[in-house]
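Grab your viewer and work through a few exercises on this one. Try each task yourself before you read the solution below it.

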Amino acid sequence: MTAASPATRVIDGREMQPPEPLERTLEALDTLPRGEELRLLLYCHPLPLFNILRNHGYVWQEEIFEDGTHEIRIRHG
């Protein structure tokens, strides 16, 4: 996994039960300043989140690691 930069917030949702990771992500996005990035860690591909991000102008990159972790890096578009 890549190291987080100082301007990156991290939500580790791998051990959370749905919908907690989605709720925490949406709360964090409400206060995410432009230029900062939100890093979300999950054990799934969050299609509902991607639809929300797309509809609200965010961009993201997803990387999947050998342990099954999906790392999603989100920022303003």
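**Exercise 1.** Work out how Glu20 and Arg24 are placed along helix H1, and which kind of interaction joins them.

*Solution.* This is a predicted model, so treat the distances here as computed ones. Step one: Glu20 and Arg24 are four residues apart in helix H1, which puts about one helical turn between them. Step two: recall that an α-helix has 3.6 residues a turn, so residues three or four places apart point the same way. Step three: check the side chains, and you'll find a salt bridge between Glu20 and Arg24, with the closest N and O atoms 2.8 Å apart. Step four: look at accessibility. Glu20 is partly exposed at 29%, and Arg24 is partly exposed too, at 41%.

**Exercise 2.** Find the salt-bridge partner of Arg14, then decide which residues make up the salt-bridge network.

*Solution.* Start with the total: the structure has six salt bridges. Arg14 pairs with Asp12, at 2.8 Å from N to O. Asp12 has a relative accessible area of 38%, so call it partly exposed. Now for the network: Glu37, Arg39, Glu71 and Arg73 are the residues linked by salt bridges. Inside it, Arg73 and Glu71 have their closest N and O atoms 3.5 Å apart. The cut-off for a salt bridge is 4 Å, so that pair makes the list. Both Arg73 and Glu71 are buried.

**Exercise 3.** Sort out which residues of helix H2 are buried and which sit on the face turned away from them.

*Solution.* H2 covers residues 47-55, and Leu49, Phe50 and Leu53 are buried there. Looking down the axis of H2, the buried residues fall within an arc of 100 degrees, so they line one face of the helix. The face turned away from that buried side carries the exposed residues Leu47, Pro48 and Asn55. What do the buried residues of H2 pack against? Helix H1 (20-30), strand S2 (37-42), strand S3 (58-64) and S4. To finish, step past the end of the helix: Gly57 follows H2 and has a positive phi, near 80 degrees.

**Exercise 4.** Locate His76 and list what it touches beyond four places in sequence.

*Solution.* His76 belongs to strand S4, which spans residues 70-76. Leaving out residues up to four places away, His76 touches Leu32, Pro33, Arg34, Gly57, Tyr58 and Val59. Gly57, by the way, is the residue with positive phi from the previous exercise. Last step: a polar atom of the His76 side chain lies 2.7 Å from the backbone oxygen of Leu32.

Definitions and conventions
Residues are numbered from 1 along each chain as its sequence is written. This is a predicted model: local features need pLDDT of at least 70, side-chain atom pairs count only at pLDDT 80 or more; totals for chains, interfaces and linings use all residues. Side-chain values use heavy atoms; hydrogens and water are left out. Helices (H or I, at least four residues) and strands (E, at least two) are DSSP runs, numbered from the N terminus. A polar contact is a pair of N or O atoms within 3.5 Å; within protein, one must be able to donate a hydrogen and the other to accept it, and residues adjacent in sequence count only if both atoms are side-chain atoms. Contact means heavy atoms within 4.5 Å. Buried means under 20% relative accessible area, exposed over 50%, partly exposed in between (1.4 Å probe, protein chains only). The arc is that of the directions from the helix axis to the C-beta atoms.
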